[in-house]
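Me: I want the reasoning behind the labels, not just the labels. Take the metal sites, then the ligand, then one helix residue.

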Amino acid sequence: MANRDTSSTADLQIDVGRLVARLDELGQIGRIDGPNGEWGNARLALTDEDRAGRDLVVAWMRDLGLTVTIDAIGNVVATRLGTRPDLAPVMSGSHIDTVGTGGRFDGNLGVLAALEVAETLEQYGVETERSFQVAFFTDEEGARFAPDMLGSLVHVGGMPLEEALDTIAVDDGARLGDELSRIGYAGPVPCPTTSVPHAFVELHIEQGPILETEGFTIGVVEGVQGISWTEIVIVGQSAHAGTTPMRLRHDPSYCAGAIATFVRDLTRRIRHDQVGTVGRIELYPNLVNVVPARAVLVVDMRNTDDRALSEAEALLAEFLDDLAASEGVDITKRSLARFEPVDFDPALVDRVEATAHRLGYSTRRMPSGAGHDAQMLARICPTAMVFTPSVNGLSHNIAEFTETSDLEAGANVLLQVIMERLDSGDD
Ligand code: GLV
Ligand code: MN
Ligand code: MN
């Protein structure tokens, strides 16, 4: 590694002021303010806000002299050339879409920290053998178009492009491919990618309480738990709320409530810290004095153990059959997402840990509870993640926050791990 500066690259540090300024500026796009000074973002995938966020990040990438490419599912990759472009590049990044009531760090930190790594290399004139790539992937959240991590899934060949483009939004019925073209991000680079990275490293906030409550600065992520999303549609009989005897009802709202209760109870019966959530319930026609005709809900279940997760899915299916029979309703289900637990590359995980220790940070090994683009990249190249603490463990909440000192620690670990991989020769 060549460096114009006389100090060693092992001491190089990111500029956290610059990183926070970019996080704040990107956060202004689709900003949501809460009553107590907390603020976050609504930048659902492929909306006008997502387009504005993309335009801003792409402008920053170009300002740094990076070469920006866009693929057919809208993933954006910016490249800083190394001295040996014949070698596979090292990639870092995440996503800039958010859930409808999201924080300003989830995903955005991973993208802007990768950009900060590129700027630090640029600022100190660090020449690297391998090229460095900063990426952001389309629709990581899956909040508008399921499944989550859709862009990175298509990138690695886990979902055919046409199927992804035909995905229909859960909220407004838009077609993904139409929205991608509308916002000007249907790019020319084919999917799946033919450029396999030498390594992928993603910095992300933890989004849970473990690092903060146990007093650690850096989470060394060993893998991601399995994810199962099931959409359930219940069709009953719309009727008058006052006149219809209880014994004659076929009530989808009762069923939706029973399913939510069942999912909570199920988490106590399944091993390995099963989690289960019903985050979306819609009733039609949703009127106070009408027994609904229909309910649509989505069950999100996760577990680090795939067999335990499959067991939870089987018990849910059994419960739905019994419920349909006892309430006299029609229940159909379809899978919106099903990803097995993922293990990251043990050597790269060790490297993250050793780097954090060298920089003087306390570390804790942990699985990720949330899904990440890194779990898709892990299908094609050695992959690892770095976590920083989340204040009060909050995420997918506009009060999501990470202290500046923790952002700095995480981004410095990212910088050092990436620099080492950029000069790792042919190994
Ligand atoms: C997506 O990021 C999820 O974990 O739901
Ligand atoms: Mn995220
Ligand atoms: Mn998220």
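Me: What makes H95, D106 and H204 the donors of the manganese ion (ligand 2)?
Reply: In this predicted model, the cut-off for a donor is an N, O or S atom within 2.8 Å of the metal. H95 (NE2), D106 (OD) and H204 (NE2) coordinate the manganese ion (ligand 2) at 2.0 to 2.3 Å. They therefore qualify as donors. Along the chain, their spacing reads H-x10-D-x97-H. H95 and D106 both lie in the loop between β6 and α3, so this pair ties together parts that are 11 residues apart in sequence.

Me: Why is H95 called buried?
Reply: Buried means under 20% relative accessible area. H95 has 0% relative accessibility, so H95 counts as buried.

Me: What coordinates the manganese ion (ligand 3)?
Reply: D106 (OD), E141 (OE) twice, and H396 (NE2) coordinate the manganese ion (ligand 3), at 2.1 to 2.5 Å. The donor limit is 2.8 Å, so these atoms pass. The spacing of these donors is D-x34-E-x254-H. D106 sits in the loop between β6 (90-94) and α3 (108-123), and E141 in the loop between β8 (132-136) and α4; this pair links distant parts of the chain, 35 residues apart.

Me: Which residue coordinates both manganese ions, ligand 2 and ligand 3?
Reply: D106 coordinates both. The two ions are 3.7 Å apart.

Me: Are D106 and E141 buried or exposed?
Reply: The limit for buried is under 20%. D106 is at 4% relative accessibility, so D106 counts as buried. E141 has a relative accessible area of 8%, so E141 is buried too.

Me: How do you know that ligand 1 has polar contacts with E140, R302 and G371?
Reply: The criterion is a pair of N or O atoms within 3.5 Å. A polar side-chain atom of E140 is 2.9 Å from an oxygen atom of ligand 1. For an N or O atom in the R302 side chain, the distance to a ligand 1 oxygen is 2.8 Å. G371 uses a backbone N or O atom, 2.7 Å from an oxygen of ligand 1. Each pair therefore meets the criterion. The protein covers 94% of the 190 Å² of accessible area that ligand 1 has on its own. Residues surrounding ligand 1 include E141, D148 and A370.

Me: Why is H155 called buried?
Reply: H155 has a relative accessible area of 5%, so with the limit at under 20% H155 is buried. H155 belongs to helix α4 (residues 150-155). Beyond its neighbours within four places in sequence, H155 contacts D71, N75, M91, F137, P192, T193 and L377.

Definitions and conventions. Residues numbered from 1 in each chain as written. Chains lettered and ligands numbered in written order. Predicted model: local features only at pLDDT ≥ 70, side-chain atom pairs only at ≥ 80, totals over all residues. Heavy atoms only, no water. Helix = DSSP H or I, 4+ residues; strand = E, 2+ residues; numbered from the N terminus. Buried < 20%, exposed > 50% of the residue type's maximum accessible area, 1.4 Å probe, protein only. Contact = heavy atoms within 4.5 Å. Donors = N, O, S within 2.8 Å, 3.2 Å for Na, K, Ca; no water. Near = heavy atom within 4 Å. Polar contact = N/O pair within 3.5 Å; in protein donor to acceptor, adjacent residues only side chain to side chain. Areas by Shrake-Rupley, 256 points an atom, 1.4 Å probe, with all protein chains shown as cover.
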